[in-house]
Amino acid sequence: MLHELLLALLGYTGDLIIDVREHQETLRVNLSPGAPLADEPTFKLAPDLSFLQPSDREVIERVITLGFYYRELERFAAKSRNLSWIRSSNESPLSRGTDTLKGKKVKPSVYRRALANGIVEVLSLYRSAVLHIEQKLLSDSLPILATVTQGLNKFFVLLPPLYELILEIERDNIYGGRLLNLLHKRCHCGVPELQTCIQRLLWHGHQVLYNQLASWMVYGILHDQYGEFFVGRQEEEDRDSEHDSPANVLEKLANMSTNDVALTDWHLGFHISLDMLPEYIPMHIAESILFAGKAIRVLRKPSHGIQFQAAPSHQQIQKGSQKAQGFSGRLSLQKDTSVETLLTGEELLPQSEADKIEAMLQDLKESSEFHKRSFETAVDSIKAIAANHLWQLVVVRADLNGHLKALKDYFLLAKGDFFQSFLEESRQLMRLPPRQSTAEADLMVPFQLAAIKTIGEEDKYFSRVSLRMPGITVKSSRVELPKAKAHSDGDSGVQSDTFAEMSIDGWDSIALEYSVDWPLHLFFTQEVLSKYLKIFQYLLRLKRTQMELEKSWASAMHQDHSDFAKRRSDGMNGSVSQQRRQRFRPLWRVREHMAFLIRNLQFYIQVDVIESQWNVLQAHIQNSHDFTELVGFHQEYLSALISQSFLDIGSVSRILDGIMKLCLQFCWKIESQEIKECTAELEHIAEEFNKKSNSLYTILRSSRIAGSQRAPFLRRFLLRLNFNAFFEATARGVLNVVRPRPALALQ
């Protein structure tokens, strides 16, 4: 009887101790490794045993449950540790039978295999205890049942919770990071023996995690065949997701500025799978792991064909003369003639640094317990190493600061002479509506002329800048004015205001593109360049408006002097000219108000906003040696430019948009020959301008904007606007209504 009991304790039933499931002929369950687990112990004493006392029967039935738990745990371990089962791409007949019974698809898991290794350790201790009991029973002259219960007493604390654990794992199909999370929760219990056992199982699971971390953070390789790591491939996630169609994936890839694999990996290639992220690993640590792995991938596998300067100190590269090649050569990307070298992964990430990262992970791996603080400290250190070497690559070798300066020169209009020349050369062209098919080609002529006049040969970044006219769309102006006819200066054709509005809105879509090479794509993302473009289009419109106001005054004064000289040579009365000037004086006063507002707004944005934020960014670049910090500082820089320029406040941006349209319409009206016919419309423009400028001042001086920290230099701008309290008075309604102008007529 005792030998039957010992065999049952190791999972082997017989005539005295039976498995209830084996006697259920209707199910005919085959207890192979793939068979489902029972919800409760099925080992029982045979019902026809009459020689056992009720007390002995009760003790034996309690003890043989350990045999049931042992067998089920062993079956789970055997199934999970079967390498052919994991590696096989085709399902076995047994798995198909299991899927039919459970209604679930069994997914291979290396984390389950690690858990099974830990369970095998526990079961080996259990088998040793059973063997020791057998030896003790054989040595005793009078073996008793108490020897069995006393030798296996501690396993009543271990095996039932372990069985509940694997039962939950099988029922809910838990694997990967979710399995680690479950084990970590089960560690918190009040039984020391069980806590030690679960911690050992968690240690086995962490061995797999640390191996995946080492592969990812030392070599930049994502070793995750079954999707159990919390860092995953974005393409796989999109392919398996029901919500993301292949068209969405193609759209994402189309938004990238290059098809470079490294760039795609950096922006769209990897993501954090929240489903596989253990709860005891904070999100910011997971993001650090994601960044470190991506950075190591970049450093280990630099893009082929990319060359850098051999010595970072020689960044000012002397180019040969390009005038002999023609200006077209300056518009195409040209390689520098300095000494260049191809960089390998060994140069970008020295082996000593990789060994240091591996040593940190090895220390964590060898620890018997998981210490959250030590884990986070190690991850932060690894991230710092990766970020520093990526900083060396992007900032020093790829000359990040030079490209930032180029973007400031061309997208933020720091090269004012170039854009002044461009707007002057294209002024007559922009007075006409843009042609859908040739608008970009038409603009290239003044663009090249302006470059020849103002861009020096030492500017190696201008070749990266290209002019574009994407998707010309005609929008109706928000300013509704009476329809009137206006003749162009040298043309007898009649153009309506519709064409003028089309001209304004059409040329507003002028865009610049900046060609960025690897690895600067990691820094200048498509989102970043789109923000630069948004600011550029706003500043170009502002500069164009300011130039038109100046040109209209110069044209009017030239016309006035010509008329005065003509009347004087003809001997006509000068009082007529003086009277005409008096009639036009209110008109010039309105123009001066417009120019005053536009000039101050332009000065505020270029000096108070752009230059001050640029100095802040430069200070950060000088003091930081971390790539992620630089990305954050640059994002703050762009956000500050947008917010302090009011581009993110819909009401203010709409008012400024309307003001610039009114200024352009005003300039074109007063430069036309038939000013007398446009007098009523000019008065309407002046009235609308007064209303919008007053509204702008009222909004900007409100406590919500002026009193906040979003625009620290806004009070200077308001002080310059309201230096004589004129805006304050009009905002209060003292001069809110424009008085009727006298009729403006040419004499």
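How much area does the protein expose, and what share of it do carbon and sulfur atoms supply? I looked this up first, bearing in mind that the model is predicted. The exposed area is about 36600 Å², and carbon and sulfur atoms supply 52% of it.

**Entry: overall make-up.** I recorded 30 helices and ten strands in the protein. Of the 747 residues, 49% are buried. I then turned to contacts with a separation of 6 or more, and found that residues 24 or more positions apart account for 79% of them.

**Entry: aromatic pairs.** I noted 25 aromatic pairs in the structure. I examined Tyr 69 and Tyr 163, whose rings form a tilted pair, 5.3 Å centre to centre with 40° between the planes. This pair links distant parts of the chain, since Tyr 69 belongs to helix 2 (residues 54-81) and Tyr 163 to helix 7 (residues 155-172), 94 residues apart. I checked the accessibility of Tyr 69 and Tyr 163 and found both buried.

I next asked why the pair of Tyr 126 and Phe 155 is edge-to-face. The planes of these rings stand at 85°, over the 60 degrees required, and their centres are 5.2 Å apart, so the pair is edge-to-face. Here too distant parts of the chain are linked: Tyr 126 is in helix 5 (residues 110-139) and Phe 155 in helix 7, 29 residues apart. Tyr 126 and Phe 155 are both buried.

I also traced a cluster held together by ring pairs. Its members are Tyr 410, Phe 411, Phe 418, Phe 419, Phe 422, Phe 447, Phe 462, Tyr 532 and Phe 536.

**Entry: charges over rings.** Which ring face does Arg 62 lie over? I found Arg 62 over the face of Phe 156, at 4.0 Å from the ring centre. I entered a second case, in which Lys 408 lies over the face of Trp 614, at 5.4 Å from the ring centre.

**Entry: a helix packing.** Two packed helices are described by the angle between their axes and by the distance between those axes. For helix 5 and helix 8 (residues 177-186), I noted an angle of about 35° and axes 8 Å apart. I then asked which residues meet where helix 5 and helix 8 are in contact. Helix 5 contributes Tyr 111, Arg 112 and Leu 115, and these meet Leu 179, Leu 180 and Leu 183 of helix 8. I sorted the residues of this contact by character and counted five nonpolar, no polar and one charged.

Terms used:
Residues are numbered from 1 along each chain as its sequence is written. This is a predicted model: local features need pLDDT of at least 70, side-chain atom pairs count only at pLDDT 80 or more; totals for chains, interfaces and linings use all residues. Side-chain values use heavy atoms; hydrogens and water are left out. Helices (H or I, at least four residues) and strands (E, at least two) are DSSP runs, numbered from the N terminus. Buried means under 20% relative accessible area, exposed over 50%, partly exposed in between (1.4 Å probe, protein chains only). Contact means heavy atoms within 4.5 Å. Accessible areas come from the Shrake-Rupley method with a 1.4 Å probe; for residues, only the protein chains shown count as cover. Rings of Phe, Tyr and Trp (its six-membered ring) pair if their centres lie within 6.5 Å; planes under 30 degrees apart count as stacked, over 60 as edge-to-face and the rest as tilted. A charge sits over a ring if NZ of Lys or CZ of Arg is within 6 Å of the ring centre and within 35 degrees of the ring normal. Axes are lines fitted to C-alpha atoms, for helices over the stretch in contact, and angles run from 0 to 180 degrees between N-to-C directions. Ala, Val, Leu, Ile, Met, Phe, Trp, Tyr, Cys and Pro count as nonpolar, Asp, Glu, Lys and Arg as charged, and the others, Gly among them, as polar.
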